[in-house]
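Student: I have a model open and would like to go through its contacts. Can we start with the charged pairs and then move on to the interfaces?

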Amino acid sequence: MKLCFKLVALATAGAAAGLWMISAPQPAISADALASVPGDLQRGAEVFHIGGCASCHMPPDYEEPNTDTIPPLSGGKRFRTPFGTFVAPNITPDKATGIGTWSTSEFATALLKGVSPRGEHYYPAFPYTSYNRMTLQDVADLKAFIDTQPAVSRPNDRHELDFPFSLRRGLGLWKYLYSQPERVIDFGDADSELRRGQYLVEGPGHCGECHSPRNVFGATDYSRWLGGGANPQGDGSIPNISPHRSGLGDWSEADIAEYLSSGFTPDYDVVGSEMADVVENTARLAASDRKAIAAYLKAIPAVEASKTD
Amino acid sequence: MIKLKGIAATLVTVSALGSSGAFAQDVEKIIEARQSLMHLYAFNLGTVGEMAKGNTEYDAQLAATAAQNLLALAQMNSDRLWPQGSSKVDPGLEDTTRALPEIWTTMPKLSEKHTDLTTALETFATVAGKDLASLRGGMKAVGDGCKGCHQDFRAKKEDS
């Protein structure tokens with residue numbers, strides 16, 4: 001009896017220790033891994049636009065001047081979700097309140113592993129669940145670009161999260177269960193345009209973060225990839241962009257590319273809501289990248305729009 | 001009991017509408033008119049947009065005419081299409097319009113955005129008839145002009 005109790009206690013302790021270990025933030029991307037990939041400013045600007053960094057990190061109520069200016073990246077936008085409210089942080093090169101002291105390897109660890117320089121997990125409101133498919137080269141280029149942006153002093157606000165989501169360590173288990181840095185769609189042999197589209201959509205473009213449904217734990221449902229879903233901010237739903245007739249079935253590749261450039265739909269309505277900010281970014285990509293995104297969106301499996309209510 | 005409640009609710013709705021019935025009808029006509037204006041924009045945008053996409057062959061004359069029409073639509077005085085009380089939160093209009101009350105609460109922001117659209121279309125009218133590359137190059141600014149209002153002043157589409 002005593003032995004039995006000891007065994008149970010041991011097993012419980014073992015399981016707890018296991019969970020504790022699993023939930024530990026993953027080791028950083030080493031500086032060595034980055035030594036061979038010096039950042040390129042021009043390419044970094046492209047990564048910045050496809051990554052949509054400005055859309056979340058610009059100040060709240062920032063007015064797009066419809067020019068090629070980059071908004072200040074001082075953060076402060078609030079995102080209400082079922083788990084609580086997240087506040088976008090300052091990612092300007094300000095040393096005290098931004099990310100000015102970060103090394104490239106710390107920056108890469110944040111984007112690819114979702115771990116901060118202090119060794120803490122980030123919440124996946126920061127879409128490292130997609131950014132983890134980015135190449136080290138793109139990450140290094142992006143860092144080079146962000147380094148050139150003006151520093152703004154603005155201390156970060158704390159996220160306002162409900163218990164138990166306020167416990168960051170628990171995110172380690174979440175990552176263990178749901179992190180999927182592999183390609184989402186297996187095309188077998190695909191041409192270079194399709195591969196490029198796949199990389200942009202599944203990786204830095206992080207389209208699936210909004211356009212795919214999520215489970216009750218807030219993890220992407222990859223079986224219904226890009227099939228649309230509830231708006232994480234609670235306002236209506238996000239459209240299905242798979243080639244299903246409830247999605248982009250009626251859109252041609254040219255329709256999609258035009259939408260990502262001028263914002264016009266095939267009916268010549270115009271993009272609105274949060275997507276307007278996204279089109280602001282995609283309009284600055286190379287035309288070949290918009291074409292690649294369109295090719296990918298027409299090549300993925302058609303899934304029916306998810307029921308959101 | 002449930003039925004009674006239903007009738008009571010209907011009565012409340014009817015009496016609420018009763019007082020402003022005539023106005024509500026006018027407002028619906030006004031909303032119809034401004035939506036028709038949007039259809040006219042879309043029709044002319046279709047002419048240049050399909051050329052930009054390569055779905056129809058570039059025709060300088062057609063493109064220039066469509067661009068001129070777009071500018072004319074923007075220059076038309078449409079003040080009377082936007083009376084107070086014609087947003088989607090006004091009684092009975094929820095399913096009729098997606099116009100947000102911010103149109104009126106943040107005035108003159110809407111007028112400023114409309115001026116931006118007019119400016120963009122003035123430029124577009126000068127380039128659309130030049131050649132296909134100029135037309136393509138001008139589409140983004142026109143889209144930005146439309147977006148100026150549609151991003152902030154129109155509610156998201158409800159899902160069916």
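Student: How many salt bridges does the structure hold over all chains?

Tutor: This is a predicted model. Over all chains, the structure holds 21 salt bridges.

Student: Start inside chain A. What does K143(A) form a salt bridge with?

Tutor: Its partner is D147(A), and the closest N and O atoms are 3.1 Å apart.

Student: Why are K143(A) and D147(A) separated by about one helical turn?

Tutor: Because they are 4 residues apart in helix α7 of chain A.

Student: And is K143(A) buried or exposed?

Tutor: K143(A) counts as buried, at 7% relative accessibility. D147(A) is partly exposed, with a relative accessible area of 42%.

Student: Which residue forms a salt bridge with E209(A)?

Tutor: R214(A) does, with 2.8 Å between the closest N and O atoms. E209(A) is buried, with a relative accessible area of 8%, while R214(A) is partly exposed at 33%.

Student: Now E280(A). Which side chain of chain B does it meet in a salt bridge?

Tutor: That of K147(B), at 3.0 Å from N to O. E280(A) also meets R284(A) in a salt bridge, at 3.8 Å from N to O. E280(A) has 3% relative accessibility, under the 20% limit, so it counts as buried. Salt bridges that share partners join E280(A), R284(A), K140(B), D144(B) and K147(B) into one network.

Student: That takes us to the chain interface. How many residues of chain B are in contact with chain A?

Tutor: 23 residues of chain B, against 25 residues of chain A. The area buried between the two chains is about 2,000 Å², and carbon and sulfur atoms give 48% of it.

Student: Which three residues supply more than any other three of the area that chain B buries against chain A?

Tutor: K53(B), K147(B) and K156(B), which supply 34% of the area on that side.

Student: What is the count of residue pairs in polar contact between chain B and chain A?

Tutor: There are 9 such pairs, with both residues at pLDDT 80 or more. The elements of chain B that give two or more residues to the side touching chain A are α2 (21-53), α5 (109-127) and α6 (132-153). Of the side of chain B that touches chain A, α6(B) gives the most, with 10 residues. The residues on that side divide into 6 nonpolar, 6 polar and 11 charged. The salt bridge count between the two chains is 5.

Student: Staying with chain B for a second, where is A120(B)?

Tutor: A120(B) is in helix α5 of chain B. A120(B) is buried, with a relative accessible area of 14%. Its C-alpha atom is separated by 8.8 Å from that of L71(B), and the two residues are 49 residues apart along the chain.

Student: Back to chain A. What does its domain assignment give?

Tutor: Domain 1 (28-178) and domain 2 (192-299). Their centres, taken over C-alpha atoms, are separated by 21 Å. In contact there are 30 residues of domain 1 and 23 residues of domain 2. The two domains bury about 2,300 Å² between them, 50% of it on carbon and sulfur atoms. H49(A), I50(A) and R133(A) supply 28% of the area that domain 1 buries against domain 2, more than any other three residues.

Student: How many salt bridges are there between domain 1 and domain 2 of chain A?

Tutor: The count is 1 salt bridge. Elsewhere in the same interface, 10 residue pairs are in polar contact, both residues at pLDDT 80 or more. The domain 1 side divides into 11 nonpolar, 11 polar and 8 charged residues.

Student: Two loop residues to finish. Where does H121(A) lie?

Tutor: In the loop between α5 (104-113) and α6 of chain A. H121(A) is buried, with a relative accessible area of 3%. A polar atom of its side chain lies 2.6 Å from the backbone oxygen of S23(A). Leaving out residues up to four places away in sequence, H121(A) touches several others, including P25(A), R168(A) and K175(A).

Student: And which residues is N132(A) in contact with, leaving aside neighbours within four places in sequence?

Tutor: L111(A), L112(A), S179(A), Q180(A) and P181(A). N132(A) is in the loop between α6 (128-131) and α7 (136-147) of chain A, and at 11% relative accessibility N132(A) counts as buried.

Conventions. Residues numbered from 1 in each chain as written. Chains lettered and ligands numbered in written order. Predicted model: local features only at pLDDT ≥ 70, side-chain atom pairs only at ≥ 80, totals over all residues. Heavy atoms only, no water. Buried < 20%, exposed > 50% of the residue type's maximum accessible area, 1.4 Å probe, protein only. Contact = heavy atoms within 4.5 Å. Buried area = accessible area lost by both parts, 1.4 Å probe. Salt bridge = Lys/Arg side-chain N within 4 Å of Asp/Glu carboxyl O. Polar contact = N/O pair within 3.5 Å; in protein donor to acceptor, adjacent residues only side chain to side chain. Nonpolar A, V, L, I, M, F, W, Y, C, P; charged D, E, K, R; others polar. Domains from an automatic or database assignment.
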